[in-house]
Amino acid sequence: MRVKTLLLLVLISACFTLANTTDAEEKSNITYTYPTKDTLVIAGEGIIPGPDLEYYDEEAITDIKKIVVKEGVTGLGDNCFARNYPKVVSIELPSTIQSIGKRAFMECYRLKQISLPSGISEIPEECFKDCCDLKEITIPNTVMTIGKDAFLECESLIELVIPEKLSVWDNPIEKCPRLKKVVNQSSMELELDHCKGNKNWYVNKKKAKKVAAGATALSKGKKFKISYDLLGGKKSGKLPSSYTYGNPIKLPTNAKKKKICNLKRNKRYYVQVAYVEPEDDEWGTAWVGKRSVVIKK
């Protein structure tokens, strides 16, 4: 009797799970079409699900450069476009979007510009992490929360306009070296990131660590001297002598290198190797030793 009761409970549980799965599928009726080899169109109703990032799936990575999300889609799930779209340049979102999940655009390295729809109230944690080429983002007035590391390492981001209704600002702008301007339209004071002392922020021409409500903060990077080790090569053209943190810099590509030695194939050579391990994002432990290599080509 006990065995039959247990079996009945298992069957009831299985039926309940199946019913829930079917219901969820009906609520999230999402379709994917590819009008061209580098364009993805997503349509339907409900939330676009995201991949499980716990495991790295190389086959899931695409060459898509443009994503168009159609009206009717109501949300982007956690990790929605993360990691699998490293070449995407443009993502168009509809007005029906009401929520955006954590890490939704993470590692969309080539994404240059995006306008967020006015239906959202939160930009969650790590939402645009590692979007290296992102220069412009339009944040609607409906946004009340910008989560931790939302724009972490957005290296090309230049300006942020913070909406009036914002009530939560959880240090979202770490490691944004080119961020020059933060316009604070909210009623709260916002903490600024100094990129580990490599740049200063100014409010009304005075150094500042925070930007007050209704104020605008401007940043200026520190200047560093540049030295060159040509490794036996020749200096060609005019080389910059200094670098301002956060500014792009171009070095000449026509430097000629001098051949230092001739290496023979299938012969073993011993080289000195230096390796540095990062500790909590700081370059710390150094290791130096010998390694052997055999020239095959």
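How many helices and strands are there in the protein? There are one helix and 22 strands. The model is predicted.

## Overall picture

The protein has 297 residues, and 34% of them count as buried. Its accessible surface comes to about 19,600 Å². Carbon and sulfur atoms hold 52% of that surface. Among contacts with a separation of 6 or more, 34% join residues 24 or more positions apart.

## Salt bridges

Side chains of opposite charge can pair when their charged atoms come close. The count here is eight salt bridges. The table shows some of them.

| Pair | Closest N to O distance |
|---|---|
| Lysine 66 and glutamate 92 | 3.8 Å |
| Aspartate 133 and lysine 112 | 3.9 Å |
| Lysine 129 and glutamate 126 | 3.9 Å |

Take lysine 66 and glutamate 92, joined by a salt bridge. Lysine 66 sits in strand 3 (residues 66-69) and glutamate 92 in strand 5 (residues 90-92), so the pair ties together parts that are 26 residues apart in sequence. Lysine 66 is partly exposed, at 34% relative accessibility. Glutamate 92 is also partly exposed, at 38%.

Aspartate 133 and lysine 112 also meet in a salt bridge. This pair links distant parts of the chain, 21 residues apart. Aspartate 133 lies in the loop between strand 8 (122-123) and strand 9 (136-138). Lysine 112 lies in the loop between strand 6 (99-100) and strand 7 (113-115). Is aspartate 133 buried or exposed? Aspartate 133 has a relative accessible area of 18%, so it counts as buried, the cut-off being under 20%. Lysine 112 is partly exposed, with a relative accessible area of 42%. Both residues belong to a network of salt bridges that links Arg110, Lys112 and Asp133.

In the bridge between lysine 129 and glutamate 126, glutamate 126 counts as buried, at 19% relative accessibility.

## A buried aspartate with no salt bridge

Aspartate 193 lies in the loop between strand 14 (190-191) and strand 15 (199-203). Aspartate 193 is buried, yet it has no salt bridge. Why does aspartate 193 have no salt bridge to lysine 199? Lysine 199 is the nearest side chain of opposite charge, but it is 6.2 Å away, and a salt bridge needs the nitrogen within 4 Å of a carboxyl oxygen, so the pair does not qualify.

What lies by the side chain of aspartate 193 instead? The backbone nitrogen of lysine 175 is 3.2 Å from one of its polar atoms. The backbone nitrogen of cysteine 195 is also 3.2 Å from a polar atom of the aspartate 193 side chain. Leaving aside neighbours within four places in sequence, aspartate 193 is in contact with Ile173, Glu174, Lys175, Lys199 and Trp201.

## Aromatic pairs

The protein has four aromatic pairs. One of them joins phenylalanine 81 and phenylalanine 105, with ring centres 6.0 Å apart and planes at 35 degrees, so the pair is tilted. Phenylalanine 81 is in the loop between strand 4 (73-76) and strand 5. Phenylalanine 105 is in the loop between strand 6 and strand 7. The pair links distant parts of the chain, 24 residues apart. Phenylalanine 81 and phenylalanine 105 are both buried.

Phenylalanine 128 and phenylalanine 151 form a stacked pair. Their centres are 5.7 Å apart, with 10 degrees between the planes. This pair, too, links distant parts of the chain, 23 residues apart. Phenylalanine 128 is in the loop between strand 8 and strand 9. Phenylalanine 151 is in the loop between strand 10 (145-146) and strand 11 (159-162). Phenylalanine 128 is buried, at 0% relative accessibility. Phenylalanine 151 is buried as well, with a relative accessible area of 0%.

Which residues form one aromatic cluster? They are Phe81, Tyr85, Phe105, Phe128 and Phe151.

## Serine 121

Serine 121 sits in the loop between strand 7 and strand 8. Serine 121 is partly exposed, at 33% relative accessibility. Not counting residues up to four places away in sequence, serine 121 touches Gln98, Thr142, Val143, Met144 and Thr145. Isoleucine 146 is 25 residues from serine 121 along the chain, and their C-alpha atoms are separated by 9.0 Å.

Definitions and conventions
Residues numbered from 1 in each chain as written. Predicted model: local features only at pLDDT ≥ 70, side-chain atom pairs only at ≥ 80, totals over all residues. Heavy atoms only, no water. Helix = DSSP H or I, 4+ residues; strand = E, 2+ residues; numbered from the N terminus. Buried < 20%, exposed > 50% of the residue type's maximum accessible area, 1.4 Å probe, protein only. Lys, Arg positive; Asp, Glu negative; His and termini not counted. Polar contact = N/O pair within 3.5 Å; in protein donor to acceptor, adjacent residues only side chain to side chain. Contact = heavy atoms within 4.5 Å. Areas by Shrake-Rupley, 256 points an atom, 1.4 Å probe, with all protein chains shown as cover. Phe/Tyr/Trp six-rings, centres within 6.5 Å; stacked < 30°, edge-to-face > 60°.
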